[in-house]
Each structure stands twice: as structure tokens, then as C-alpha cells.
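Here are my notes on the model you sent over, written as numbered points. I stuck to helix packing and empty space.

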Amino acid sequence: PRAAWTFAHHAVPSTSCPKSSALLGPGVLQATRVFHPAQPRKIRLGLIPEEFFQFLYPKTGVTGPYVLGTGLILYSLSKEIYVMSPETFSTISVVGLLVYVIKKYGASIGEFADKLNEQKISQVEEMKQVSIKQIQDVIDMEKSQQALVQKRHYLFDVQWSNSVMALGVEVKNCLDYHISVQNMMRQQEHMINWVEKHISAQQEKETIAKRIADLKLLAKKAKAQPVL
Amino acid sequence: MNENLFASFITPTIVGIPIVILIIAIPSILFPSPTRLITSRLTSLQQWLIQLVLKQLMMMHSIKGRTWSLMLISLILFIGSTNLLGLLPHSFTPTTQLSMNLGMAIPLWAAAVITGFRHKTKMSLAHLLPQGTPVPLIPMLVIIETISLFIQPMALAVRLTANITAGHLLMHLIGGATLVLTSISPATASITFIILILLTILEFAVALIQAYVFTLLVSLYLHDNT
């Protein structure tokens with residue numbers, strides 16, 4: 001009966017009533033259907049929806065529905081429509097006990113159930129976070145590796161220029177040698193020119209006579225010895 | 001009182017159609033099977049309870065015995081839910097019928113014993129003789145143990161039937177007494193009513209305990225024989 005009441009009081013969106021669907025566009029019926037309302041409908045005494053009380057309020061005020069209920073119960077009892085039986089008392093005790101237990105412990109049991117669900121969610125969330133963190137670590141490591149690779153490019157440049165410099169020294173040495181050889185040649189030429197300039201004809205004759213005298217001495221020495 | 005005291009125990013028929021099978025199937029509606037990870041409050045409470053009970057029940061069994069887990073858990077859920085639903089007014093409790101309890105007890109007991117005899121014949125036969133009996137007593141003791149073995153299914157069925165039936169009857173009787181006493185002296189009636197309330201609390205407990213005892217004993221027989 002309770003489910004039937006809540007169904008009948010899907011009052012607010014009239015689009016959820018299938019009979020009026022012809023007036024609307026396609027898909028509106030499906031799109032606007034409400035399955036479980038987030039807030040439960042207001043219900044008094046656990047059985048009767050609030051709308052009934054609101055319905056009777058203009059005519060009978062606040063006590064109307066209660067008087068109606070009491071009257072109905074007394075009427076059914078007095079006319080023996082409802083017969084008092086041993087079942088009645090066991091009903092009263094069972095239902096009374098149930099209502100008491102539910103009112104007292106209902107909220108805490110609900111919270112306990114919510115806590116159980118919360119634990120499940122937090123476990124899964126934990127796994128998700130760990131997984132995300134792992135992947136993030138891998139990404140960071142990858143990025144640092146890439147940065148290293150970039151910097152290695154600089155290292156190679158330095159090494160290349162170093163080796164080129166080393167080669168250049170060798171070439172420089174070679175070229176230097178050639179230059180020094182050329183310089184030497186030039187110096188020799190300068191010396192020869194200077195000698196030819198500064199030796200006059202007079203000195204040439206004297207030196208030639210001296211040389212002939214030396215040669216004659218040598219020839220006398222050579223005549224003394226038998227010619228072979 | 002109605003026609004007679006046992007009117008609430010006749011198998012219900014609607015214009016001659018027995019609907020008792022439908023009544024036996026109804027408690028399963030109360031146990032929705034979980035479809036997702038985060039379920040409703042009812043389902044998560046049931047899951048937690050079932051885990052708790054299962055752990056307690058199955059801890060002492062070997063691997064072979066644990067293949068019976070599904071059977072034992074559904075047994076305890078069925079008996080518990082039918083007993084609790086039977087406490088509502090004007091309802092019919094299937095477990096008050098001896099036929100049904102025998103139908104539950106005999107196959108389970110027989111399965112446990114036959115498993116034991118098939119796979120561990122020597123050990124099952126050895127159970128028939130307690131340790132350390134003096135030699136002259138052995139023949140008599142074997143006979144006694146065999147009789148006690150064959151009485152086990154009967155005891156299981158009759159225990160459950162008798163407890164639940166007695167509880168319902170007592171509630172009915174004391175309710176009747178309260179009814180009659182209301183017109184004679186309301187004070188006595190209120191005392192009787194208090195007795196009724198206490199009895200109801202007992203009945204709730206008994207409903208659950210009987211389920212537990214039944215299942216526990218079956219699991220015990222299983223343990224002996226695996």
C-alpha cells in the first residue's frame with residue numbers, strides 16, 4: 001500500500017503521466033520520468049501520506065483526519081467488522097515492539113550501513129590514488145630523462161669544439177713550421193746579399209793572391225813526394 | 001479464538017488452490033542480490049551480516065567441507081527469514097509444518113553421512129564408538145551410537161517444528177487470555193499483556209536461534225564426515 005501511495009502522488013511533473021504524453025514532443029516522457037525522489041515524500045504515522053491531511057485541512061482543520069481514523073476504527077470494532085481475537089493482542093505486541101526498535105535504533109543502523117559503503121568507496125579510491133601516483137612518478141621520471149637528453153646535446157657540443165681545437169693546434173704547428181722555414185730562407189738570402197755588397201774588388205784580388213801562394217806551397221810539398 | 005487452536009497452522013489455500021509454494025518463495029524477495037559495488041543500505045547490511053555468519057560457520061571446515069558454504073548460508077537465511085516473517089499477524093510459517101522440516105533435514109543429514117562413508121569409510125565407522133570405552137561395553141555402545149546417528153535427522157526436523165509451533169501457540173493462547181481478561185479485570189489483563197510482550201521478544205530470539213542451531217548442527221555433521 002505504501003508503494004501505491006507514493007506512485008499515486010507523483011503529482012508534480014504532469015509529463016510523467018502517460019496519458020498526457022500525446023501533447024508533448026518525442027522523448028519528453030522518458031527524459032522527465034522521476035525514479036526515486038531524493039527526498040522521501042512526507043508521510044504521517046508511517047502509513048498515510050501528508051497530502052491526505054492537506055486535502056482534508058480546509059474542511060476539517062488539523063484534527064479532521066485523526067477523528068476520521070478513530071471513528072472508522074471504533075465503528076469497525078463496534079459493528080464487529082473487525083473481530084477482536086487473540087491475534088489482535090499478539091499483533092499489538094509484535095507491531096509495537098517493531099516500531100519501538102525501529103524508532104530507537106533505525107538511524108544508527110542506517111549510519112552503520114552508510115559507513116560500510118564508505119569503507120568500500122575509500123578502498124577503491126585508495127587504489128585509484130596509488131595508481132595515479134605511480135603513473136605520475138613514471139611521467140616525472142620520463143620528463144627528467146628527456147631533460148637530461150637535452151643537456152647531453154650541450155655536452156656533445158663542448159666535446160666537439162674541444163676536439164676541433166686540438167686538431168687546430170696540430171695544423172697550427174704544421175703551418176708554423178712552414179712559416180719558420182720560409183723565414184730562414186729569407187734570412188739566408190739577406191745574408192748572401194749583405195756579403196756580396198760589402199766585399200769590394202780590392203779585397204778580392206788580395207784574397208786571390210794569398211790563395212795562389214798557398215796553392216804553390218802545397219804544390220811544392222806535393223812535388224817532393226813521388227807522383228803515383 | 002478461531003475454529004480451533006491450530007487454525008493458523010493449516011496450509012493456506014485460496015478457493016482450493018494451495019498457495020503455500022508462493023508463501024515459501026516470498027522471503028527471497030527480502031534479499032536483493034547486489035548488482036553494483038556500492039549498494040543500498042539493505043543490501044550492504046545483508047552483505048556484512050552474511051560475511052560475518054559465513055566466517056563463523058565455515059572456519060572449522062576443511063576445503064571439502066567449505067564447498068557446502070552456499071547451501072548452509074541459504075539454509076540459515078531461509079529458516080531465519082521464514083521464522084521472523086511468521087511472527088507477523090495472520091501469517092503462515094512454513095517451518096511449522098513437519099513435512100517441510102523433514103524435507104530439509106533428511107537430505108542434508110543423509111548427504112553428510114553418505115559423503116563420510118564414501119570417502120572416509122574407516123573414520124565414519126570409527127565415529128560409532130567413542131574413545132576409551134571398556135571392551136565388554138563395545139557391542140552395546142555401537143548399537144546405541146548407530147541409533148543416535150539415525151535419530152539425528154528426526155531430531156533436527158522435530159526440534160525446529162516443535163519450537164516454532166510451540167511459540168506461535170503460546171502467543172495465541174496468551175493473547176486469548178488477555179482478550180478474555182479485559183472484560184473481567186483490566187489489571188490482570190495488562191499483566192498478561194506484559195507477559196505477551198516478553199514472549200514476543202523471546203519469539204524473535206527463538207526465530208533466529210533455531211535457524212542458527214539447525215545450520216550449526218548440519219555443519220557439525222558435515223565436519224564429522226569430511
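**Helix packing and voids**

1. Let me start with the contact between the chains: α5(A) and α2(B) are roughly perpendicular to each other, because their crossing angle falls in the 65 to 115 degree range. The angle itself is roughly 80°, and the two axes come within 9 Å. Keep in mind throughout that this is a predicted model.

2. Who makes that contact? On the α5(A) side you'll find I109(A), G110(A), F112(A), A113(A), D114(A), L116(A), N117(A) and K120(A), while α2(B) brings R41(B), S44(B), L45(B), Q47(B) and W48(B). Sorted by class, the contact of α5(A) with α2(B) has 6 nonpolar, 4 polar and 3 charged residues.

3. Within chain A, have a look at helix α3 (residues 50-60) and helix α4 (residues 64-78): their axes cross at roughly 100° and come within 8 Å. That angle also sits between 65 and 115 degrees, so α3(A) and α4(A) count as roughly perpendicular. From α3(A) the contact takes F52(A), F53(A), L56(A) and T60(A), and these meet G64(A), P65(A), Y66(A) and L68(A) of α4(A). The class split here is 6 nonpolar, 2 polar and no charged residues.

4. Chain B has a pair with another geometry to check. Helix α3 (residues 69-85) and helix α4 (residues 98-119) of chain B pack at about 165°, with axes 13 Å apart. Since anything over 145 degrees counts that way, α3(B) and α4(B) are roughly antiparallel. Their crossing is left-handed.

5. For the side chains of that pair, M71(B), L75(B), F78(B) and I79(B) come from α3(B), and their partners in α4(B) are M100(B), M104(B) and L108(B). The contact of α3(B) with α4(B) holds 7 nonpolar residues, with no polar and no charged ones.

6. Now the empty space. The largest pocket holds about 1,600 Å³. It is lined by 35 residues, and L42(B), Q46(B), L49(B), L84(B) and L208(B) are the closest to its centre. If you're after a place to start browsing the lining, those five are my pick.

7. Which elements give two or more residues to the lining of the largest pocket? They are α5 (86-198) of chain A, plus α2 (41-58), α3 and α7 (186-225) of chain B. The largest share, 10 residues, belongs to α5(A). As for chemistry, the pocket lining divides into 29 nonpolar, 5 polar and 1 charged.

8. How many cavities of 30 Å³ or more does the count come to? There are 3. The largest cavity contains about 180 Å³ of space. Of the 17 residues around it, E87(A), S8(B), G86(B), S91(B) and H168(B) lie nearest its centre.

9. Two elements each supply at least two residues of the lining of the largest cavity: α5 of chain A and α6 (138-184) of chain B. By class, the largest cavity is lined by 6 nonpolar, 10 polar and 1 charged residues. It's worth putting that next to the lining of the largest pocket, with its 29 nonpolar, 5 polar and 1 charged.

Terms used:
Residues are numbered from 1 along each chain as its sequence is written. Chains are lettered from A and ligands numbered from 1 in the order in which they are written. This is a predicted model: local features need pLDDT of at least 70, side-chain atom pairs count only at pLDDT 80 or more; totals for chains, interfaces and linings use all residues. Side-chain values use heavy atoms; hydrogens and water are left out. Axes are lines fitted to C-alpha atoms, for helices over the stretch in contact, and angles run from 0 to 180 degrees between N-to-C directions. Helices (H or I, at least four residues) and strands (E, at least two) are DSSP runs, numbered from the N terminus. Angles under 35 degrees count as roughly parallel, over 145 as roughly antiparallel, 65 to 115 as roughly perpendicular and the rest as oblique. A crossing is left-handed if the near helix is turned anticlockwise from the far one by less than a right angle, and right-handed if clockwise. Contact means heavy atoms within 4.5 Å. Ala, Val, Leu, Ile, Met, Phe, Trp, Tyr, Cys and Pro count as nonpolar, Asp, Glu, Lys and Arg as charged, and the others, Gly among them, as polar. On a 1 Å grid over the protein atoms alone, a cavity is a set of points where a 1.4 Å probe fits but cannot get out, and a pocket is an open set with protein on both sides within 12 Å along at least five of seven lines; lining residues have an atom within 4 Å of a point. Grid points are joined across faces, edges and corners, and a volume is the space filled by probe spheres set on the points.
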